[in-house]
Amino acid sequence: QVQLVESGGGLVQAGGSLRLSCAASGRTFSTYHMAWFRQAPGKEREFVAAVTSSGGFTYYADSVEGRFTISRDNAKNTAYLRLNSLKPEDTAVYYCAADRRPTNRGLATAYAYWGQGTQVTVSS
């Protein structure tokens, strides 16, 4: 198992940037695929980005591609999400998720482990 803790959320003006971190416990972090999801009030949890266990492949939702960057540092047991050119529509609670082998990278149900979430608020 792995425990995940997100950090780095906050309030930022439109056009600004944030860097979210997801710190993982355990010594097997490098075997987990990682992903970021977000959920705005009254909306379903939405896929944002994913990265394979080796970091060799990344995947993005159309709504964030070109603006967000997912990465990981296995030596630090940490995954990151860089959010650039933020828009008010990006406002949500951002969650990191992990699974050894997700059946579908874009589905929340494919991930066994979740963090508590970190709030990102983008003002206009």
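## A first look at an all-strand chain

Among contacts (heavy atoms within 4.5 Å) in the protein chain between residues at least 6 apart in sequence, 58% join residues at least 24 apart. What you see is a predicted model, where local features need pLDDT of at least 70 and side-chain atom pairs count only at pLDDT 80 or more, while totals for chains, interfaces and linings use all residues. Residues are numbered from 1 along each chain as its sequence is written, and side-chain values use heavy atoms, with hydrogens and water left out.

**The overall picture**

The protein chain has 0 helices and 11 strands. Here helices (H or I, at least four residues) and strands (E, at least two) are DSSP runs, numbered from the N terminus. The C-alpha atoms fill a box of roughly 40 × 25 × 25 Å, taken along the principal axes. A compact globule with 124 residues would have a radius of gyration near 14 Å, and the protein chain agrees with that at 13 Å. That radius is taken over C-alpha atoms, and the globule rule is 2.2 Å times the number of residues to the power 0.38. Of the 124 residues, 44% count as buried. Buried means under 20% relative accessible area, exposed means over 50%, and partly exposed is in between (1.4 Å probe, protein chains only).

**An open sheet**

Four strands make an open sheet in the order E1-E3-E8-E7, with antiparallel pairing. Two strands pair if DSSP finds at least two bridges between them. Strand E1 (4-7) and strand E7 (68-73) stand at the edges with a single partner strand each, so one side of each has no neighbour in the sheet. On average, neighbouring strands of this sheet are turned by 15° against each other, direction ignored. The axes behind that angle are lines fitted to C-alpha atoms, for helices over the stretch in contact, and angles run from 0 to 180 degrees between N-to-C directions.

Strands E7 and E8 (residues 78-83) run antiparallel and are joined by 6 bridges. Ile 70, for example, has Leu 81 in E8 as its bridge partner.

**Strand E4 and its partners**

E4 is mostly covered, with 6 of its 7 residues buried. It runs antiparallel to E9, with 7 bridges joining the two, and antiparallel to E5, with 5 bridges. Phe 37 shows both pairings: Tyr 95 in E9 stands opposite Phe 37, and so does Phe 47 in E5. E4 and E5 form a hairpin with 6 residues between them, and Gly 42 in the turn has a positive phi of about 80°.

**The nonpolar core**

Which residues of the largest nonpolar core touch the most other members? They are Met 34, Trp 36, Leu 81 and Tyr 94, out of 36 residues in that core. A nonpolar core is a set of buried Ala, Val, Leu, Ile, Met, Phe, Trp, Tyr and Cys residues joined through side-chain atoms within 4.5 Å. The elements giving two or more residues to this core are strands E3 (18-24), E4 (33-39), E5 (46-51), E7, E8, E9 (92-99) and E11 (118-123). Nonpolar side chains tend to be buried together in soluble globular proteins.

Tyr 94 has plenty of company. Leaving aside its neighbours within four places in sequence, Tyr 94 is in contact with residues including Glu 6, Leu 20, Trp 36, Val 48, Phe 68, Leu 81 and Thr 118.

**Four loop residues**

Here are some loop residues side by side.

| Residue | Loop | Relative accessible area |
|---|---|---|
| Gly 8 | between E1 and E2 | 35%, partly exposed |
| Asn 77 | between E7 and E8 | 17%, buried |
| Ser 85 | between E8 and E9 | 41%, partly exposed |
| Asp 90 | between E8 and E9 | 2%, buried |

Most residues other than glycine have a negative phi. Asn 77 is not a glycine, yet its phi is positive, at about 55°. Ser 85, also not a glycine, has a positive phi of about 50°.

What does the side chain of Asp 90 reach? It reaches the backbone nitrogen of Lys 87 at 2.8 Å. Not counting residues up to four places away in sequence, Asp 90 touches Arg 38, Arg 67, Phe 68, Ser 85, Val 120 and Val 122.

Gly 8 and Val 120 are 112 residues apart along the chain, and their C-alpha atoms are separated by 8.5 Å. With residues up to four places away in sequence not counted, Gly 8 touches Leu 18, Arg 19, Leu 20 and Thr 118.

Methods: A polar contact is a pair of N or O atoms within 3.5 Å; within protein, one must be able to donate a hydrogen and the other to accept it, and residues adjacent in sequence count only if both atoms are side-chain atoms.
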